[in-house]
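The exercises that follow are meant to be worked through slowly, with the sequence and the model side by side. Please try each task before reading its solution.

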Amino acid sequence: MRDHGKGGALTEVTFYILLSLYLPRHGYAIMQFIEEQTGGRLVLGAGTLYGALAALEKKGWIAVCSSAGRKKEYGITDLGREVAKQELKRLRELERTAADIMSPDKKRL
């Protein structure tokens, strides 16, 4: 997973996982959330998801909230919220720059 918490871009999957965990969810609910929010454009397999969850937990961006047997519920941490906020800021800057450049009012060569 090529995510950079300090000024760099998150992968789209990582950003969606962080967003999904603003409410505690277990793995299958995270997969459903992402599929629903993207209109089916992103569909995660279990291996991809659980590998990402392990990496995000190791970074301290998410944590296990509860565990019942093999079923774990994850939630976003304060650090994860800050990372998500910074990514949203980056995406908004990107959108503003692109909209400005692509504006029909701009002179073209």
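**Exercise 1.** Against which elements do the buried residues of H1 pack?

*Solution.* Begin by noting that the model is a predicted one, and then list the residues of H1 that are buried, namely Thr 14, Phe 15, Tyr 16, Ile 17, Leu 18 and Ser 20. Next, follow the contacts of these buried residues, which pack against E1, H2, H3, E2, E3 and H4. As a last step, take Ser 20 in helix H1 as one example: its relative accessible area is 0%, so Ser 20 is buried. Leaving aside its neighbours within four places in sequence, Ser 20 is in contact with Arg 25, Ile 30 and Phe 33.

**Exercise 2.** How many helices and strands does the protein chain have, and in what order do the elements run from the N terminus?

*Solution.* Counting first, the protein chain has 4 helices and 3 strands. Reading from the N terminus on, the elements then follow the order α-β-α-α-β-β-α. For a wider view of the fold, 31% of the 109 residues of the protein chain count as buried, and among contacts between residues at least 6 apart in sequence, 45% join residues at least 24 apart.

**Exercise 3.** Work out the order of the strands in the open sheet, and state which of the strands lie at its edges.

*Solution.* The open sheet consists of 3 strands in the order E1-E3-E2, and their pairing is antiparallel. The edge strands are E1 (25–26) and E2, since each of these pairs on one side only.

Now take the two pairings in turn. E1 and strand E3 (residues 71–76) pair in the antiparallel sense over 2 bridges, and here Arg 25 stands opposite Tyr 74 in E3. E2 and E3 also pair in the antiparallel sense, over 6 bridges, with Ser 67 standing opposite Lys 72 in E3. The hairpin of E2 and E3 has 2 residues between the strands, and in this hairpin Gly 69 takes a positive phi near 65°.

**Exercise 4.** Is Ser 66 buried, partly exposed or exposed, and which residues is Ser 66 in contact with once its neighbours within four places in sequence are left aside?

*Solution.* Locate Ser 66 in strand E2. Its relative accessibility is 34%, and because this value lies between the limits of 20% and 50%, Ser 66 counts as partly exposed. With neighbours within four places in sequence left aside, Ser 66 is in contact with Lys 71, Lys 72 and Glu 73. For a distance across the chain, compare Ser 66 with His 26: the two are 40 residues apart in sequence, and their C-alpha atoms are 9.2 Å apart in space.

**Exercise 5.** Describe the surroundings of Glu 87, beginning with its accessibility and ending with its side chain.

*Solution.* Glu 87 is found in helix H4 (residues 78–102). Its relative accessible area is 4%, which means that Glu 87 is buried. Not counting residues up to four places away in sequence, Glu 87 touches Gly 8, Ala 9, Leu 10 and Phe 15. The C-alpha atoms of Glu 87 and Ala 9 are separated by 6.7 Å, although these residues are 78 apart along the chain. The side chain of Glu 87 also makes a polar contact, at 2.8 Å, with the side chain of Arg 90.

**Exercise 6.** Which backbone oxygens lie 2.8 Å and 3.5 Å from a polar atom of the side chain of Thr 38?

*Solution.* Thr 38 has its place in the loop between helix H2 (27–37) and helix H3 (46–59), and because its relative accessibility is 11%, Thr 38 counts as buried. The backbone oxygen of Ile 34 is the one at 2.8 Å from a polar atom of the Thr 38 side chain, while the backbone oxygen of Glu 35 is the one at 3.5 Å.

**Exercise 7.** Where does the charged end of Lys 59 sit, and what are the mean confidence values of strand E2 and helix H1?

*Solution.* The charged end of Lys 59 sits over the ring of Trp 61, at 4.6 Å from the centre of that ring. Turning to confidence, the mean pLDDT of the protein chain is 91, and 90% of its residues reach 70 or more. Among the elements, confidence is lowest in strand E2 (residues 62–68), at a mean of 92, and highest in helix H1 (residues 12–20), at 98.

Technical notes:
Residues numbered from 1 in each chain as written. Predicted model: local features only at pLDDT ≥ 70, side-chain atom pairs only at ≥ 80, totals over all residues. Heavy atoms only, no water. Buried < 20%, exposed > 50% of the residue type's maximum accessible area, 1.4 Å probe, protein only. Polar contact = N/O pair within 3.5 Å; in protein donor to acceptor, adjacent residues only side chain to side chain. pLDDT = per-residue confidence, 0-100. Contact = heavy atoms within 4.5 Å. Pairing = 2+ DSSP bridges. Lys NZ or Arg CZ within 6 Å of the ring centre and 35° of its normal.
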